[in-house]
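Biologist: I should like to understand how the descriptive words used for a protein structure are justified. Would you take me through the reasoning step by step?

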Amino acid sequence: MKANNTPSAQDAIVVVAGVSKTYASGFQALKTIDLTLRRGEIFALLGPNGAGKTTLISIICGIVNPSGGSVLADGHDIVRDYRAARTKIGLVPQELSTDAFETVWATVSFSRGLFGKPPNPAFLEKILRDLSLWDKRDSKINALSGGMKRRVMIAKALSHEPRILFLDEPTAGVDVELRRDMWEMVRSLRESGVTIILTTHYIEEAEEMADRIGVINKGEIILVEDKAELMRKLGKKQLTLTLQHPLERVPQALDTYRLDIADNGNQLIYTFDAKDDPEILARLLHDVGEAGVGFRDLQTSQSSLEDIFVSLVGTH
């Protein structure tokens, strides 16, 4: 179920066209990938282990060469115009690789210099303050906690003022409180105009953060969709009626609704699509009453993004 969710050329900041990757061993990590990312969005790339997420990010960032196709980063070809393209991109990889014996300030300053940017202490101070690292600026990195090291990686990625930021599993191994702090920071970056692309194993992270969601499986993009539209199209809803008296079977008059009996006959459950006729619930409740089934409570619930993701990957 692929959605034609392609931004206009003016809105596009990353354009992946026909990109594939086959390694020397013959393993095809990516089939033909077409993907366009919008300026100023948070895009979540979801997929099981080995789906091709990190390979795709590595190609866009110029770390791995594609076997075919092309990538434009803010209008610059990542192969032909590597230097200009790379200055537009910040990358926070999964692995915590930092200069362990350097101070926070030194390693972030050095990262800025690597991209040919002139010194700007005020800008670096703002980054460190935003990441709650300012009081650690003179600390050696090897003395920091894992969560603080992760923040240093983000500071390094932001040091050269990129317009595109890749976060590859940014909150892996990070406690819940720090994860929330990082979500707030990502939102503020988006508000400043930075485009954020994140991969995550935490589906609730994508559900809370993303504007759009892409699902990759076995080297193919199987879906790209606005999050709200994805939830509307694929989210299943359930209406649960808690009955006054238990039922052994669903009355024949209600057979068309395909109701399920649960909780030893004390509940009737109706599962429906979010896009179904909104009047259907009113008709169901009316028909339940006509069938002489009394209920004392009702509640509705909706499937999560995790349910949708599992069903999509399972289908493919």
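Modeller: The following conversation sets the terms used for this structure against their definitions. Please note that this is a predicted model.

Biologist: Let us begin with the sheets. What makes the sheet with the order β6-β7-β8-β3-β9-β10 an open one?

Modeller: That sheet has 6 strands, and its pairing is mixed. β6 (89-92) and β10 stand at its edges, where each has a single partner strand, so one side of each is left without a neighbour in the sheet. On average, neighbouring strands of this sheet are turned by 15 degrees against each other, direction ignored.

Biologist: How do you know that strands β3 and β8 pair?

Modeller: Two strands count as paired if there are at least two bridges between them. β3 and β8 have 4 bridges, in the parallel sense, and therefore satisfy the definition. As an example, Phe-43 has Ile-197 in β8 as its bridge partner. Strand β7 (residues 164-168) also pairs with β8 in the parallel sense, over 5 bridges; here Leu-167 has Leu-198 as its bridge partner in β8.

Biologist: What makes the pairing of this sheet mixed?

Modeller: Strand β9 shows both senses. 4 bridges join strand β3 (residues 42-46) to β9, and these two run parallel; Leu-45 has Gly-214 of β9 as its bridge partner. In contrast, β9 and strand β10 (residues 220-226) pair in the antiparallel sense over 6 bridges, with Val-215 opposite Leu-223 in β10. β9 and β10 form a hairpin with 2 residues between them, and Lys-218 in the turn has a positive phi of about 50 degrees.

Biologist: Why is β9 described as largely enclosed?

Modeller: Strand β9 (residues 212-217) has 6 of its 6 residues buried, so it is largely enclosed by the rest of the structure. Both of its faces are covered: Arg-212, Gly-214 and Ile-216 are buried on one side, and Ile-213, Val-215 and Asn-217 on the other. Strand β8 (residues 195-199) is mostly covered as well, with 5 of its 5 residues buried.

Biologist: Which helix packs on this sheet?

Modeller: Helix α1 (residues 53-60) packs on the sheet and touches β3, β6, β7, β8, β9 and β10. The direction of α1 makes about 155 degrees with that of β7.

Biologist: What is the order of the strands in the other open sheet?

Modeller: Its 4 strands have the order β2-β1-β4-β5, and the pairing is antiparallel. β2 (28-38) and β5 (76-77) stand at the edges with a single partner strand each, so one side of each is left without a neighbour in the sheet. Strand β1 (residues 12-22) and strand β4 (residues 68-73) pair over 5 bridges, and Val-15 has Leu-72 in β4 as its bridge partner.

Biologist: Why is Ser-20 called buried?

Modeller: A residue counts as buried under 20% relative accessible area. Ser-20 has a value of 18% and is therefore buried. Ser-20 lies in strand β1. Not counting residues up to four places away in sequence, Ser-20 touches Leu-30, Lys-31, Pro-66, Ser-67 and Gly-68. Ser-20 and Thr-32 are 12 residues apart in sequence, and 5.0 Å apart in space from C-alpha to C-alpha.

Biologist: Let us turn to the helices. Why are α5 and α6 called roughly parallel?

Modeller: Angles under 35 degrees count as roughly parallel. Helix α5 (residues 146-158) and helix α6 (residues 176-191) pack at an angle of about 10 degrees, with their axes 11 Å apart. They are therefore roughly parallel to each other. The contact is made by Gly-147, Arg-150, Arg-151, Ile-154 and Leu-158 of α5 together with Leu-178, Asp-181, Met-182, Met-185 and Leu-189 of α6. Of these contact residues, 6 are nonpolar, 1 is polar and 3 are charged.

Biologist: How do you know that the buried residues of α3 line one face of the helix?

Modeller: The buried residues of helix α3 (residues 104-114) are Val-104, Thr-107, Val-108, Ser-111 and Arg-112. Seen down the axis of α3, they fall within an arc of 140 degrees, so they line one face. These buried residues pack against α4 (121-130) and α5. The face turned away from the buried side carries the exposed residues Phe-110 and Leu-114. Just after α3, Gly-116 takes a positive phi of about 75 degrees.

Definitions and conventions:
Residues numbered from 1 in each chain as written. Predicted model: local features only at pLDDT ≥ 70, side-chain atom pairs only at ≥ 80, totals over all residues. Heavy atoms only, no water. Axes fitted to C-alpha atoms, helices over the stretch in contact; angles between N-to-C directions. Parallel < 35°, antiparallel > 145°, perpendicular 65-115°, else oblique. Contact = heavy atoms within 4.5 Å. Nonpolar A, V, L, I, M, F, W, Y, C, P; charged D, E, K, R; others polar. Buried < 20%, exposed > 50% of the residue type's maximum accessible area, 1.4 Å probe, protein only. Arc of directions from axis to C-beta.
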